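Me: I am in my first year and would like to go through a protein model slowly, one question at a time. Could you show it to me and then answer what I ask?

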Amino acid sequence: MADLPGIANNPDIRFLGKLLGDVIRTYGGDALYARTEAIRTASVDRHRTKNDGDAAETDLGLDALSLDETLDFVRGFMLFSMLANLAEDRQGVTAEQGADLAAALERLAGEGIDKAQVMGLLDHALIAPVLTAHPTEVRRKSMIDHRNRIAALMRLRDGDVRETPDGDDVEEAILRQIALLWQTRVLRRERLYVTDEVEIALSYLRDVFLPALPALYQRWDRALGERVPSFLRPGSWIGGDRDGNPFVTAESLKAALAKASEAVLGYYLDAVHALGAELSISTNLAPADDAVIALADASGDTAESRSDEPYRRALSGIYARLAATHLALTGKPAPRTAALKGERYADPQAFRADLVTIARALRSGGGALSSGGALGRLIRACETFGFHLATLDLRQNSAVHERVVAELLKVAGVEADYLALTESQRVSLLRHELSNARPLASPFADYSDETRSELAIVRAAAEAHATYGPACIVQHIVSMAQSVSDLLELNILLKEAGLYRGGDTPSAAIMAVPLFETIGDLEAAPGIMTEWFSLPEVRGITAARGFQEVMIGYSDSNKDGGYLTSTWSLSKASTALKGVFAGAGVGMQLFHGRGGAVGRGGGSAFAAIRAQPSGTVQGRIRITEQGEVIAGKYGTRESAITNLEAMASATLLASLEPDALSAVDTQRFSAAMDTLSASAFAAYRDLVYGTAGDDRGFRTFFRQMTPIVEISGLKIGSRPASRTKSDRIEDLRAIPWVFSWAQARVMLPGWYGVGQALSSFEDKGLLAEMAQGWPFFAASLANMEQVIAKSDMDIAARYATLVEDRALADAIFPKIVSGWQQAHDGLLQVTGQSRLLEAHPALDASIRLRLPYIEPLNLLQIELIKRRRAGDEDERIGEGILLSINAIATALRNSG
């Protein structure tokens, strides 16, 4: 694989590709290498002639591969894609211009916004990437670990370092890691359990976020000329997201919290130990202030050898107290035994106070020791991560809460048939119950498993607050929130554990957060929140907290109404909510439930945040990060710093920059978007759900054309693929919906309906004006353009042959092709380009590099699926299908 096309400007791909070719020849044999090279060369030639306008068929020689060779071939192409992704990340292909804080400050300064205004915003800001366990990462953690080791070795090579710290030749070490990749099993043998998902997330939080964030804050402190507040903090759903996942229980919640606490306390212990070795300052050479002397004397460290080293003695005491905290919170002794006995810290603030005492003493002496250094990073880590590492959200479906509350009310003799009540009757009853301290649950009553499980969850959350502090769990997301009673029902459950208290001054230790997901839910959101804020007890709670969070879902709104309508509905809902919150005098915090693929809200986070409606960010934003996105963005400290800084910079710009549009243009563009959205919605709904709401024909077409059934064999997550046993599109989760279309190279959720909308819109000049001057429309088109560039209707036509009913296929597939062509042509016309990605040459080169390696994988996958569905039970066929799914997802760089 030395002579790779389209990579002349990326020497890393040439280097890594050559090494991969050497590995295939060494471990797979000359015959496999020769066949792989022949197929690669034929596919490259085919794409070159296709790009030149010659669509002549070329025999790729895939039929000559045996089943065993097919498996090896697919692994080889998958590994090349994996290494190409690494090389591009290193070359900055995925980085964005101006997506750093220095550039943002310069831009703001040019618009008359000074650093004091930035600091004013940061005083109340919150930016939170929230890691979720949504099953879109097809690679095993072992594969990702080898990839990261190669990245670290490549950094050594960049610096002309010939040997690793262990004495290995750097290039030989890289070759060894690629050989290990070749011999590492790609597929998981067992489905992931919740504990596995917790461990995977913990590896990113512990190994990347913990060291990366304090270092990033140091950069920001220098850029702003003063210490910035700790406004960027990670979150997680893993171990707390119960919506549709019966395997998340109170026990998994406790385990997730305990493991996170153990990880962060272990980090602190190591840091304090290292500081003790570093701060060897003697009072014979430098005086120490009284506060440090007092801390040293209180430590119990009476060693004569350290009698003149108060900083070391103080840190010995801090270490002893941390070790006692570790034992108290985790039930385990510290990994490194403390020489002294200490009293556990009551909370992270007490730990921070001791560290600040040392920092102030060092600062009082001036000079080089007055700067932050390792001590400053540790103080920052304590502020950011506390004793919990990452804030863990809880989530459950509103229907579950409804059933549980109904049972509690019935067993308590309060209301025999809660489900029969109207909304106003429910609200009145729930408010009455929340106003008094009497619990509904009785230890002597029998309840359903569902009710016992939900009660156990809130009790575990209360226990966590007492153990790790209130920052460990702040939000409880209510999925499919469609009424005020949905939120009050959650408060009823929280009250059972003492997390909600009524009375004269109501309080809620955990915030009820509505998740508005479908198009209808988004349209209803402003009305629901208006009614929510009208309740006096809610006004009091939100006033004390200072803000209320609302989560908006990208995935289900897209599956419900298509790409353009989903995107526009989210924007309109955000704008409408801004008015509702302003009217209630409440700060707004939006939580964006985005996926990795464009059909689930994916794409550039920097562009997406900047494209948010004016006034809706307000310095506070949370965004889900999941699956392959986590590994791609946060796989290494360097990539994490790049992506976290992009998120922070975009939030500053979106919050402080003047409106990009005038009021007149906003009105004109919004009216145009309403028209476009209505057209796109009609086209999408007609295709997917049928004009009469009968989706049975399309449902059959989708399930036979795409590898949706085969994808279920990938053991990539703990939760089921569907919410129910129904095979309706409505009941299918958004991830397998998007994942399946991507595998078949249709990527329908990322564009269908847009072409019809653009084609039917008469004022093409207005559309061009919107594309040039409106960040929202520009970002929407840019994301769609990337999706269309990765799609291929010729390949999709091959997948359409998998549909058994040819009349059904002939009725539906031409509509998809026509819609794609309209989207393609309409996009070029509106953006003024002669071809896709003409304005983005780096991204264009990246995608063009991949296409010759994806097509053979698609063709092999189709043939393997045909054989499997025809009844061939050879295990290698099933393995080949799953390998091809993995390889295509890796090459496309997103799954769902």
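Reply: What follows is a set of questions and answers on the sheet, the cores and some of the helices. This is a predicted model, in which local features need pLDDT of at least 70 and side-chain atom pairs count only at pLDDT 80 or more, while totals for chains, interfaces and linings use all residues. Residues are numbered from 1 along each chain as its sequence is written, and side-chain values use heavy atoms, with hydrogens and water left out.

Me: In what order do the nine strands of the open sheet lie?
Reply: Helices (H or I, at least four residues) and strands (E, at least two) are DSSP runs, numbered from the N terminus, and two strands pair if DSSP finds at least two bridges between them. The pairing in this open sheet is parallel. At its edges are strand 3 (391–392) and strand 4 (394–397), each of which pairs on one side only. The order of the nine strands is 3-2-1-11-10-9-8-5-4.

Me: Which helix packs on the sheet by touching strand 1 and strand 11?
Reply: Here contact means heavy atoms within 4.5 Å, and angles run from 0 to 180 degrees between N-to-C directions, with axes being lines fitted to C-alpha atoms, for helices over the stretch in contact. The direction of the helix in question makes about 140 degrees with that of strand 1. The helix that touches strand 1 and strand 11 is helix 24 (residues 637–656).

Me: Is strand 1 largely enclosed or largely open, and why?
Reply: Buried means under 20% relative accessible area, exposed over 50% and partly exposed in between, with a 1.4 Å probe and protein chains only. In a regular strand the side chains alternate between the two faces of the sheet. On one side of strand 1, L126, A128, V130 and T132 are buried, and on the other side I127, P129 and L131 are buried as well. Because seven of the seven residues of strand 1 (residues 126–132) are buried, this strand is largely enclosed by the rest of the structure.

Me: Which residue of strand 11 is the bridge partner of L126?
Reply: Strand 1 pairs with strand 11 (residues 620–626) in the parallel sense, over seven bridges. Strand 1 is also joined by two bridges to strand 2 (residues 235–236), again running parallel, and there V130 stands opposite G235. In strand 11, the partner of L126 is R620.

Me: Which residue of strand 8 stands opposite H476?
Reply: H476 belongs to strand 5, where H476 and V478 point one way and Q475, I477 and S479 the other, and all are buried. Strand 5 pairs in the parallel sense with strand 4 over four bridges, and H476 is the bridge partner of L394. Strand 5 and strand 8 also pair in the parallel sense over four bridges. Opposite H476 in strand 8 stands A512.

Me: Which helix gives the most residues to the largest nonpolar core?
Reply: A nonpolar core is a set of buried Ala, Val, Leu, Ile, Met, Phe, Trp, Tyr and Cys residues joined through side-chain atoms within 4.5 Å. Of the 161 residues in the largest one, F231, Y268, F351, I358 and I473 touch the most other members. The helix that gives the most to this core, with 15 residues, is helix 8 (residues 194–224).

Me: How are helix 12 and helix 13 directed relative to each other?
Reply: Helix 12 (residues 348–364) and helix 13 (residues 373–385) pack with their axes 10 Å apart, at an angle of about 155 degrees. Among the residues that meet are F351, L355 and I358 in helix 12 and L375, L378 and C382 in helix 13. Angles under 35 degrees count as roughly parallel, over 145 as roughly antiparallel, 65 to 115 as roughly perpendicular and the rest as oblique. The two helices, helix 12 and helix 13, are therefore roughly antiparallel.

Me: Is Q743 buried or exposed?
Reply: Q743 has its place in helix 28. Leaving aside its neighbours within four places in sequence, Q743 is in contact with several residues, including P707, Y799, N858 and I888. Because its relative accessibility is 1%, Q743 counts as buried.
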